[in-house]
Amino acid sequence: MSAENAYIREVHLMGCKMDITVVASDQSEADRYIDMAVGEISRIEKLISSWDSNSQTSLINDNAGIEPVKVDEELFNLIHRAVKISGLTRGAFDISYASMDKIWKYDGSMTKLPDSKLIEQSISKVGYGGIMLNYASHTVFLKLKGMKIGFGAIGKGYAADKAKALLKSKGVKSGIINASGDLYAWGKQPDGSDWKVGITNPLNPKKIFSWLPVDNQAVVTSGDYEKYVMFDGVRYSHIIDPRTGYPSTGVLSTTVFAQSAELADALATSLFVMGVEVGLDFINQIDGLECIIVDKNNKLHTSTNIRLNPIENEN
Ligand code: ADP
Ligand code: MG
């Protein structure tokens, strides 16, 4: 009988680095499984990408204000769930945020705060109420010309869930799909212990300040340490409040623990918009959800059932 080991591969998909780990009896078995996960994530990327002008998502956007577009059941259902999360978060999360990405750019090209008139104009095309879903014909219609949807805040979580589900269905007993900090871990490590995730310090992402066990669970971190802009001493994150058109400013990083990576992903983004107080209150009211929020002063806030064991404090 051969012993089982954990095999890990780094891949680049959906515009980010992903680490796929599977427990298998040898390298070739592991490679077979990891290839399946890569295939699944690539498939999803084709469906939800806004960059790919041939994706069904682009077709929906191109036909905004013109006509409904028939899409695969999978994409239809994802949009349906995204709209439900918008309701749950009172609009903090909104896939129709996407028309604002013309105004707020995080590629270094912004030199000053955008004009307030432009910001006002941009939010006129935002609002999940304008995403019309026809359940009988599986069509999606964006009510207004110029309206756009984008899955930047939920897609990686969805992909992690789907890749995990596929591997589990193929008999992989244990593994981790880690899409740049959006992860789902199932099963145990080969030595029988729980998988562990390191919670990083947002001001110093190379430092882990606490390790937490994950047991068949999703853990998703949204951080602004790579994508933010500074004007007049204010740090504007890459997560925008769809109701005001302005990026959130009070939070450096959010981590959400949930049963699904898709939900955790969407909520990690929502917590940025909600801020510390409203965010904690929101998470504490829902069973099965926990969170860690780091505010702009680098202070940690945790939901009621999180126990952190700081391993070092080197700020
Ligand atoms: P990351 O893991 O890259 O930090 P997040 O899950 O935090 O990503 O999502 C951030 C991305 O979501 C942004 O880059 C943007 O594409 C999109 N986005 C920004 N604000 C919102 C919002 N309020 N609701 C939904 N999506 C948003
Ligand atoms: Mg997210």
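Start with ligand 1 and one of its nitrogen atoms: a polar backbone atom of Asp94 sits 3.0 Å away from that nitrogen. Keep in mind that what you're looking at is a predicted model. The ligand's oxygens have partners as well. An oxygen atom of ligand 1 lies 2.4 Å from an N or O atom in the side chain of Ser222, and His238 offers a side-chain N or O atom that is 3.0 Å from an oxygen atom of the ligand. On its own, ligand 1 would expose 570 Å², and the protein buries 89% of that.

So who makes up the surroundings? There are 16 residues around ligand 1, and Ala92, Tyr97, Ser222, Ile240 and Asp265 come nearest. Sorted by class, this shell holds seven nonpolar, five polar and four charged residues. If you'd like to trace it along the secondary structure, look at β10 (217-223) and α6 (261-284), each of which supplies at least two shell residues.

Now zoom out to the whole chain. Its domain assignment gives domain 1 (1-49 + 155-176), domain 2 (56-142) and domain 3 (194-315). Ligand 1 lies between domain 2 and domain 3, because both of them give residues to the shell around it.

What about domain 1? Its C-alpha centre and that of domain 2 are 29 Å apart. Where these two domains meet, seven residues from domain 1 and eight residues from domain 2 take part in the contact. Together they bury an area of about 610 Å², with carbon and sulfur atoms giving 52% of it. On the domain 1 side, three residues are worth finding in the structure: Leu47, Ile48 and Tyr158 supply 78% of the area that domain 1 buries against domain 2, more than any other three residues.

Terms used. Residues numbered from 1 in each chain as written. Chains lettered and ligands numbered in written order. Predicted model: local features only at pLDDT ≥ 70, side-chain atom pairs only at ≥ 80, totals over all residues. Heavy atoms only, no water. Near = heavy atom within 4 Å. Polar contact = N/O pair within 3.5 Å; in protein donor to acceptor, adjacent residues only side chain to side chain. Areas by Shrake-Rupley, 256 points an atom, 1.4 Å probe, with all protein chains shown as cover. Helix = DSSP H or I, 4+ residues; strand = E, 2+ residues; numbered from the N terminus. Nonpolar A, V, L, I, M, F, W, Y, C, P; charged D, E, K, R; others polar. Domains from an automatic or database assignment. Contact = heavy atoms within 4.5 Å. Buried area = accessible area lost by both parts, 1.4 Å probe.
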